[in-house]
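Here are a few notes to read alongside the structure. Have a look at it first, then work through the points.

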Amino acid sequence: MMDHNHIRPWRNIARRKSRQIMVGSVPVGGDAPISVQTMTNTDSGDAPATIKQVLACVEAGADIVRVSVPDTDASRALREVVRESPVPIVADIHFHYKRAIEAAEAGAACLRINPGNIGDAARVREVIKAARDHGCSIRIGVNAGSLERHLLEKYGEPCPDAMIESGLDHIRILQDNDFHEFKISVKASDVFLASAAYMGLADATDAPIHLGITEAGGMISGTVKSAIGLGNLLWMGIGDTIRVSLSADPVEEVKIGYEILKSLGLRHRGVNIISCPSCARQGFDVIKTVATLEERLAHIKTPMSLSIIGCVVNGPGEALMTDLGFTGGGAGSGMVYLAGKQSHKLSNEQMVEHIVEQVERRAAEIEADRAKLDAAE
């Protein structure tokens with residue numbers, strides 16, 4: 001969660017006040033950190049492959065992982081996936097409400113149901129009973145591409161009001177059945193439509209909100225759409241958990257999600273590399289160096305900042321604000337900065353290994369200090 005900044009108040013984000021629910025062991029809403037989700041794309045009936053992908057996503061930082069449950073094979077495999085996953089598993093349900101009941105029995109932490117295709121109120125009530133009996137939360141997942149027929153007839157096309165009405169109708173069903181452990185999303189592939197729907201929804205309910213721009217596209221286009229849509233909503237204080245939807249490896253979704261949160265100061269994980277785009281003034285190959293460091297430092301989970309700047313135009317200034325920095329100079333060497341201060345010169349050839357060593361050392365120091373504080377409490 002973002003700390004209130006008295007010195008730079010223009011950096012503050014006033015988060016919308018929502019109820020808090022539990023998705024397994026992960027709190028969502030209230031003052032809980034904004035959680036990062038992704039979704040597996042393996043054959044859900046193949047438990048070993050799905051477990052392998054879940055573990056890779058968790059290693060990248062996923063707090064919650066969603067698994068599609070389209071058939072009975074997936075239902076059977078889900079029990080093993082839940083057992084082997086170190087994070088809560090959300091069962092993604094479409095069309096077949098019985099899969100939701102089976103998923104609850106298999107130990108899913110949350111059931112994601114789509115109001116447009118799960119069935120009538122009676123079937124939703126059966127899903128609610130299963131969720132209550134097995135300690136599941138529910139996500140109401142409204143999608144512009146699968147709105148109920150009567151809403152499309154009423155509004156003529158998918159629009160913010162139609163999406164909000166769909167969500168509120170299903171909130172009412174849950175509440176009428178005295179079920180309150182739910183969160184809600186109103187996703188669209190159109191950034192304008194999704195953003196308007198989420199803003200209206202935020203005013204209409206105190207339920208925790210799951211953010212996402214659905215079917216956003218490949219790595220580049222999907223990242224841009226998600227950064228614009230999710231970033232603006234998060235900046236307004238809307239959103240309690242997020243999923244970046246990419247036609248890419250789910251691990252990349254997790255990484256992009258964290259980067260969006262890190263850019264707004266809402267979550268911090270791993271090394272935040274501040275680097276220049278490079279130009280003719282660079283004293284070393286910035287682009288190649290940053291790519292190498294991103295790979296070499298991917299295992300660091302401790303929040304840290306690192307500046308890699310090609311020359312002295314902005315290098316010293318950026319280094320003042322980072323834990324560790326390297327600024328390119330002349331004659332094949334540059335300056336290393338530690339805690340914002342000049343420390344020592346270093347040759348370009350030694351730079352990568354030295355920076356990795358310094359980051360690992362500093363991360364170990366931070367974790368040791370944190371352990372002492374925890375022990376003292």
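1. Start at Gly237, just after helix α8, where phi is positive at about 90°. A quick word on the basis: this is a predicted model, where local features need pLDDT of at least 70, side-chain atom pairs count only at pLDDT 80 or more, and totals for chains, interfaces and linings use all residues. Residues are numbered from 1 along each chain as its sequence is written, and side-chain values use heavy atoms, with hydrogens and water left out.

2. Now α8 itself, residues 219-235 (helices are DSSP runs of H or I, at least four residues, and strands are runs of E, at least two, numbered from the N terminus). Its 17 residues should span 24 Å (1.5 Å times one less than the number of residues), and the end C-alpha atoms are 22 Å apart, which agrees.

3. Which residues of α8 are buried (under 20% relative accessible area, 1.4 Å probe, protein chains only)? They are Gly222, Thr223, Ser226, Gly229, Leu230, Gly231, Leu233 and Leu234. These pack against α7, β9, β10 and α9, with contact meaning heavy atoms within 4.5 Å.

4. There is 1 aromatic pair (ring centres within 6.5 Å; planes under 30 degrees apart are stacked, over 60 edge-to-face, the rest tilted). The centres of Phe284 and Phe326 are 5.4 Å apart with planes at 70°, so the pair is edge-to-face. Phe284 sits in the loop between β11 and α10 and Phe326 in strand β13, so the pair ties together parts 42 residues apart in sequence. Both Phe284 and Phe326 are buried.

Key: Phe/Tyr/Trp six-rings, centres within 6.5 Å; stacked < 30°, edge-to-face > 60°. Buried < 20%, exposed > 50% of the residue type's maximum accessible area, 1.4 Å probe, protein only.
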